Amino acid sequence: MHCTVETVSEFTYFESILLGLSKALKKSVGVHKTYLKKLPSASYTDISTWEQTQDVLMPEDLRAFYTSSNGFIFEWTYTLTGDCHKDKVSGAIKINPLQHLVPIFGFETSQDPGVKLDTERYQIKLSIESRLFIIDTVPDRGHVVLVYLFPKYVPTIWLLTSNMTLHFLANDIATYLRMAVSHLGIPNWQMIYTPNGVPQWTENLFRMLAPHLLPLSKTIESTNREQEEEKNDNCSEVPINKLDPNLFKLLPRTAIPVLIRSVTSPQPEKTATRKKAYKQADQTHKPRTRMLRKPLYYVKKNSK
């Protein structure tokens, strides 16, 4: 019996992360160069050292990413005119390597930390124990950070703007990479999820490369809500069996007085019919009279 094992090269692995984005960009008008950098994987010892130094635990998905590739860099160049050396714009998808996953300080803290949904956007209040680590840098705009609300909590990914305001982006690194690929790595795409939005030249770039993403005014919260509603609409026609968990709850027993009554066991019908037959027989037949005998001496005297 022969088996064939298909080997996956490093280049195929990095291309699979991009979901074919590099090939699609090469077909776009104005994109002249794409660059994908191969980075070696980080060892478990390096990750454990980073965790001990920063006093936090790395989530499993981010740990798996760094053990496959210590960072990620994909860049492309777009020109507005035919000249490649003028009016050049560079887009990129980046994840900092482990040695550049450094903490950031100077954020505002609160005595009541937590995350809540305020009208249309999530708002977070950090504590003194919170940790922020730089995943990527948005030039002149801010940083994409990994936020630990508490050291033992599972971190999430937010955008920290230049005015030290946090805006929610994704729950994990896989979701963030999919968002970056869907936005083609266009510069400042993270600013879509802020109240101010993207600058005008970024919006123009979206119109030329990704017009299907317009308008750019949607929030992550509204997008998640629409996906849930669409999922519920698609599954509305399918009947769902729901089990009431109250069925398994034991009701408390109350002490109820019980009256004890003496119940006579019913006699079988055969004995009753026999008694009736005996009574009828006694009524129809009279009892026999006993014959009285005379004493012997009385009989002898009469015989003489």
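**A patch, a sheet and a buried serine**

Hi everyone, let's start at the surface: Val115, Leu117 and Tyr122 make a nonpolar patch of about 250 Å². Patch members have over 30% relative accessible area and no salt bridge (a Lys or Arg side-chain nitrogen within 4 Å of an Asp or Glu carboxyl oxygen), with nonpolar side chains joined within 5 Å. Areas come from the Shrake-Rupley method with a 1.4 Å probe.

A quick word on the source: this is a predicted model, where local features need pLDDT of at least 70, side-chain atom pairs count only at pLDDT 80 or more, and totals for chains, interfaces and linings use all residues. Residues are numbered from 1 along each chain, and side-chain values use heavy atoms, without hydrogens or water.

Now the sheet. Three strands form an open, antiparallel sheet in the order S1-S2-S3; strands are DSSP E runs of at least two residues, helices H or I runs of at least four. At the edges sit S1 (31-37) and S3 (88-95), each pairing on one side only. Pairing takes at least two DSSP bridges, and S2 (residues 72-79) has eight to S3. One residue to look at there is Tyr78, whose bridge partner in S3 is Val89.

Finally, Ser22, in helix H2 (residues 21-26). Is Ser22 buried or exposed? Ser22 is buried, because its relative accessible area is 5%, and buried means under 20%, exposed over 50%, partly exposed in between. Beyond its neighbours within four places in sequence, Ser22 is in contact (heavy atoms within 4.5 Å) with Glu15, Thr34 and Phe74. Thanks, everyone!

Notes:
Buried < 20%, exposed > 50% of the residue type's maximum accessible area, 1.4 Å probe, protein only. Patch = residues over 30% accessible without salt bridge, like charges linked within 9 Å, V, L, I, M, F, W, Y side chains within 5 Å.
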